[in-house]
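Thanks for making time this morning. I would like to walk you through one chain, beginning with the whole and then moving to a single residue and the sheets around it.

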Amino acid sequence: MASQRDEIAAWDAADPMRHFRDQFLLRDGLVYLDGNSLGALPKATAERMQTVVSQEWGEGLIDSWMSANWVEAPRRIGDKIARLIGAGPGEVIVADSTSINIFKALTAALSLREGRKVLLTEAGNFPTDGYMMQGLARFKGNGTECRAVAREQLLNALTDEVAVLLLTQVHYKTARMHDLAQLTRRAHEVGALVVWDLSHSTGAIEVDLNAAEADFAVGCGYKFLNGGPGAPAFLFAAHRHHGAHPVLSGWFGHARPFDFEEGFEPAPGIDRFQCGTPTILGMSALESGVDLMLRADMGEVRRKSIALSELLIREMQPLCDEFGFSLASPPESAERGSHVAYAHPQAYAMMQALKARDVIGDFRMPDVMRFGITPLYLGYADIVEAVDRLRAVCANRDWDRAAYRDKAFVT
Ligand SMILES: *Cc1c(COP(=O)(O)O)cnc(C)c1O
């Protein structure tokens, strides 16, 4: 046991990314395995927010739109995120929420495929993706149809009726990954466009949208980008699709918002996918998180994510045998994003009991425990410690307490 501890300590000592941990505000003793849901707070963000609130807003007031470059924030931060996902400058805009950006991307794609009526997705995709699609089909009417098929059926379901394929690259429950380049190619072969949801990809795995000739993509700011609760999301549109007419044609997407013209004329380029006034406080926090992420090498991030995940899976094996956990993620690292999921009949109560021992992961219906792997602020010893505490939860039957069974609204 002691020698294993020494080995793990040596891995942490040799970790080229270990200095990132100090950049985050995380209390001692806590093992935070939920950065795939809400990233931790970078220390620089707390300072940055002070400046934005007190100086830029408090003192600069409305002049800060120009003097503090607020007006450029959606494009500037979009260009930074572009570097993490293989997009070019001027192809990514930061705006709105992921849900709203899904609607914007779907409507833009649909407008480029007039005459086709099918919106295709994977059954069991993250609910908001399906819901936004259903709302759009209902509104559009005229035979517009949503189809959700099992992952294995996707290639067969790609027919020349399909206007748009909407997929999440890394599955929110299992972390199973789609081959983004292959599916994009197959969709293009039947004349369909693809909207990729990168919520669990951005800042977690290497993504190369332009190498795959991707059409549209969206993603979250508050997960692996550490942008803060409810951080603004982003939207990618390949240059060749910048002619699409925006359906949510708000004044910030106008070619000349401050001319206050009566008729809508879309801005050239990615700016047309903005809608209303940018949320500067949220964007400031997001930019600070993205700046920190950009200091890391994504290849290094992915390598460490795999190493941490493999360690977790190895440490969990005895608990699977003894206490009834089963791996709900692909065992092959190449097929898995940056979290590891386990199924257990007592998953909810088990996670509550684990939180009482200061290990935070989360629960997803019906029986899944998720452990987010964030290489910027997790070390190898954290993983071993988390599994040790879970073993104690099981051995002491901590989970078998009434207080741990009542489900909270947010899980
Ligand atoms: C987290 C997540 C979202 C979140 O959408 P919001 O509009 O920010 O609530 C959307 N899609 C996927 C796949 C997600 O994992």
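**The chain as a whole**

The accessible surface of the protein chain comes to about 17600 Å², and 53% of that belongs to carbon and sulfur atoms; areas of this kind come from the Shrake-Rupley method with a 1.4 Å probe, and for residues only the protein chains shown count as cover. Please keep in mind that this is a predicted model, in which local features need pLDDT of at least 70 and side-chain atom pairs count only at pLDDT 80 or more, while totals for chains, interfaces and linings use all residues. Residues are numbered from 1 along each chain as its sequence is written, and side-chain values use heavy atoms, with hydrogens and water left out.

The secondary structure comes to 12 helices and 15 strands, where helices (H or I, at least four residues) and strands (E, at least two) are DSSP runs numbered from the N terminus. The radius of gyration of the chain is 22 Å, close to the 22 Å that the globule rule gives for 411 residues, so the chain is as compact as a globular protein of that length; the radius is taken over C-alpha atoms, and the rule is 2.2 Å times the number of residues to the power 0.38. Buried residues make up 54% of the 411 residues, buried meaning under 20% relative accessible area with a 1.4 Å probe, protein chains only.

**Leucine 120 and its strand**

Let me now turn to leucine 120, which is found in strand E5, residues 118-122. Is leucine 120 buried or exposed? Leucine 120 is buried, with a relative accessible area of 0%, and, leaving aside neighbours within four places in sequence, its contacts (heavy atoms within 4.5 Å) include Met133, Arg147, Val149 and Leu154. Five of the five residues of E5 are buried, with Val118, Leu120 and Glu122 on one side and Leu119 and Thr121 on the other.

E5 pairs in the parallel sense with strand E6 (residues 145-149) over five bridges, and with strand E7 (residues 162-168), also in the parallel sense, over four bridges; two strands pair if DSSP finds at least two bridges between them. Leucine 120 itself stands opposite arginine 147 in E6, whereas threonine 121 stands opposite leucine 166 in E7.

**The two sheets**

These strands belong to an open sheet of seven strands in the order E4-E10-E9-E8-E7-E5-E6, with mixed pairing, and its edge strands are E4 (92-94) and E6, each pairing on one side only. The twist averages 20° from one strand to the next. Helix H6 packs on this sheet, touching E5, E6, E7 and strand E8 (193-197), and its direction makes about 165° with that of E5; axes are lines fitted to C-alpha atoms, for helices over the stretch in contact, and angles run from 0 to 180 degrees between N-to-C directions.

Finally, there is an open sheet of four strands, ordered E11-E12-E15-E14, with antiparallel pairing, whose edge strands are E11 (326-327) and E14 (362-364). Helix H10 (residues 298-323) packs on that sheet, touching E11, E12 and strand E15 (368-372), with its direction at about 15° to that of E12. Helix H11 (residues 347-356) packs on the sheet as well, touching E14 and E15, and its direction makes about 40° with that of E15.

Technical notes. Buried means under 20% relative accessible area, exposed over 50%, partly exposed in between (1.4 Å probe, protein chains only).
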